[in-house]
Amino acid sequence: MGSMGGAGERDEAMVRVKVSKREVVAAVLPVQEHWLPLSNLDLLLPPVDVSVFFCYIPATASNSNIDKDIDMMTTPPAPLPTFGSMVGALKVSLAQVLISYYAFAGEVVVNSAGEPELLCNNSGVDFIEAFADIRLHHLNLYNPDDSVEGKLVPSKKRGVLAVQATEFKCGGLVVACTFDHRIADAYSANMFLSSWAEMCRSSSISVHPTFRRSLLYPRHQSTSNYHLDPAIDDMYVTLSNLSTPPPPPESPLLTADVGEDQLVSRIYYVPADQLRQLQLAASSNDCKRTKLESFSSFLWKMVAQSSSFRSEDHPASSSNPRMSLTSKMGIVVDGRTKLRGDLSSYFGNVLSIPFGEKSVSELAGKPLSWIADGVHEFLQAAATEEHFLGLIDWVEAHRPEPSLARIYCKGTEDGPAFVVSSGQRFPVADINFGWGRPAFASYHFPWGGDAGYVMPMPSPLDNDDWIVYMHLPKWQLLSIEMEAAHVFRPLTFHYLIKP
């Protein structure tokens, strides 16, 4: 695919979504008002919102939640759910699950030290009902900027979480959530979504979240004289030490004119055989690289090559000034399995973002295995208990001053930068509210900064393909689509419903 503006994309530009109702859903039982401090790892997140959406095909007797043991000869089949009945079930179960996940019904406020803190006051969740004037299978999944942003995912106006349920002409349904990243990472959001769906199906949940901030306490409450890991200074920076302030976390779609430098969102699928080929090419000397390392290394190489191809005056040569630029790629590491104690049900952020730096010329010219070796090296350095404990101590030593991952802070002389966050644990099949598993689901994170964001997720077809959400400059995506069309294939509903 060599174009990002095909006929299907123009057709879908006419999608209209009309909001029919707004209300607030609070926990069904009263919650005693209390303050919940953010952990040191929460404090590393800027005030940005993350969205996720789930597409459900029109309910039929085969995919609705019918007890298969019922004798259908003597018992009439249960009526198929309508939009009204599905929304009603979503609201009732949401009010029930918010008893355990009370953080999502609270509000983020600034305390006397100037730091964000969570007021757990059961102020509730904004719940929006809407109608889309197309059939679900006509939804342009490849270009979520056109079909999802501002239409199917809610814009959070207050609180921590907002929900939107959208009915389609065919009877299909999209359920979408937008949440404050300072309160939850994707692991926590997945835990909540699975519990919500479980509550909707069975009126109970099997996993209860814990908000024990003591699991992430610093080793020393005062670290002014404590030796801090100098490697953390290479990964994180206080805002006062930034040469240029970070970009405001605003929507990247506020301008009508989207130039080639504008970051845009696209969704692709990557076939399983291509992932295996990338893994084979990225592995060398009996060192087998993971699929995530291999895929990330390949994408880093493609991004670098796009920079080298962009200049018409100096195409991919040593005289091209872009070749001397430094490109950065970060990969999100979850610390739950690295730290002592049981954090399997911990709700909050337990993340670090190590990154590598290479010149564009090296990335474009070196073999994939060389790049993958470097990726493996910086990942391994951060995938330890000592790293996360050191990061917690580092934040403590700099509080209350805000800090940020350096990968998100591009300098004026830097080349392309982006972050890869693995969504392979995205529990798509578990988000069954009683009318079948989603036909498709994806995170959506056009965060508004200069650095790109990429999330590979499992295909809902359970065929080892990957679904990849990419938020990168338009010119990079154009180049990647031309140079790696065999790997990055634009997602359509034809892929999702193929036999």
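Buried here means under 20% relative accessible area. In this predicted model, buried residues make up 56% of the 499 residues in the protein chain.

## Overall make-up

The protein chain holds 12 helices and 20 strands. About 21,200 Å² of the chain is exposed, and carbon and sulfur atoms supply 52% of that area. Take the contacts with a separation of 6 or more: residues 24 or more positions apart account for 80% of them.

## The open sheet

One open sheet is built from 7 strands, in the order β14-β11-β16-β18-β19-β10-β20. Its pairing is mixed. The edge strands are β14 (355-359) and β20 (489-490), and each pairs on one side only.

Strands of a sheet pair through backbone hydrogen bonds, either parallel or antiparallel. Which sense applies to β16 and β18? Strand β16 (residues 414-420) and strand β18 (residues 452-458) pair in the parallel sense, over 3 bridges. Phe418 stands opposite Gly452 in β18.

## Helices and their buried faces

Helix α2 covers residues 83-97, 15 residues in total. From first C-alpha to last, α2 reaches 21 Å, close to the 21 Å expected at 1.5 Å a residue. The buried residues of α2 are Phe83, Met86, Val87, Leu90, Lys91, Ser93, Leu94, Ala95 and Val97. Lys91 is thus one of the buried residues of α2, and Lys91 also belongs to a salt-bridge network with Lys21, Glu23 and Glu129.

What do the buried residues of α2 pack against? Their partners are β1, β6, β7 (161-168), β8 (173-180) and α4 (186-202).

Helix α9 (residues 368-382) also has 15 residues. The distance from its first C-alpha to its last is 22 Å, close to the expected 21 Å. In α9, the buried residues are Leu368, Ser369, Ile371, Ala372, Gly374, Val375, Phe378, Leu379 and Ala382.

Helix α10 (residues 385-398) contains Leu391. Is Leu391 buried or exposed? Leu391 has 0% relative accessibility, so it counts as buried. Leaving aside residues up to four places away in sequence, Leu391 touches Leu41, Leu44, Ile232, Tyr236, Leu351 and Ser352. Leu391 and Asp229 are 162 residues apart in sequence, yet their C-alpha atoms are 8.0 Å apart in space.

## Salt bridges

The count of salt bridges comes to 20. Three of the pairs are set out here.

| Pair | N to O distance | Relative accessible area |
|---|---|---|
| Asp133 and Arg16 | 3.0 Å | Asp133 21%; Arg16 52% |
| Glu23 and Lys21 | 3.5 Å | Glu23 28%; Lys21 41% |
| Asp462 and Arg437 | 3.1 Å | Asp462 58%; Arg437 35% |

Asp133 forms a salt bridge with Arg16. Asp133 lies in the loop between β6 (125-132) and α3 (144-147), and Arg16 in the loop between α1 (7-12) and β1, so the pair ties together parts that are 117 residues apart in sequence. Asp133 is partly exposed, whereas Arg16 is exposed.

Asp462 and Arg437 make another salt bridge. Why does this pair tie together parts that are 25 residues apart in sequence? Asp462 sits in the loop between β18 and β19 (466-473), while Arg437 sits in the loop between β16 and β17 (440-444). Asp462 counts as exposed. Arg437 is partly exposed.

Salt bridges that share partners join Lys21, Glu23, Lys91 and Glu129 into one network. Within it, the side chains of Glu23 and Lys21 meet in a salt bridge. Glu23 is partly exposed, and Lys21 is partly exposed as well.

## A nonpolar surface patch

Which residues form a nonpolar patch on the surface? They are Val28, Leu29 and Ile99, with about 250 Å² of accessible area together. Leu29 is found in the loop between β1 (17-25) and β2 (34-37). Its relative accessibility is 49%, so Leu29 counts as partly exposed.

How values were computed: Residues numbered from 1 in each chain as written. Predicted model: local features only at pLDDT ≥ 70, side-chain atom pairs only at ≥ 80, totals over all residues. Heavy atoms only, no water. Helix = DSSP H or I, 4+ residues; strand = E, 2+ residues; numbered from the N terminus. Expected span 1.5 Å × (residues − 1). Buried < 20%, exposed > 50% of the residue type's maximum accessible area, 1.4 Å probe, protein only. Contact = heavy atoms within 4.5 Å. Patch = residues over 30% accessible without salt bridge, like charges linked within 9 Å, V, L, I, M, F, W, Y side chains within 5 Å. Areas by Shrake-Rupley, 256 points an atom, 1.4 Å probe, with all protein chains shown as cover. Salt bridge = Lys/Arg side-chain N within 4 Å of Asp/Glu carboxyl O. Pairing = 2+ DSSP bridges.
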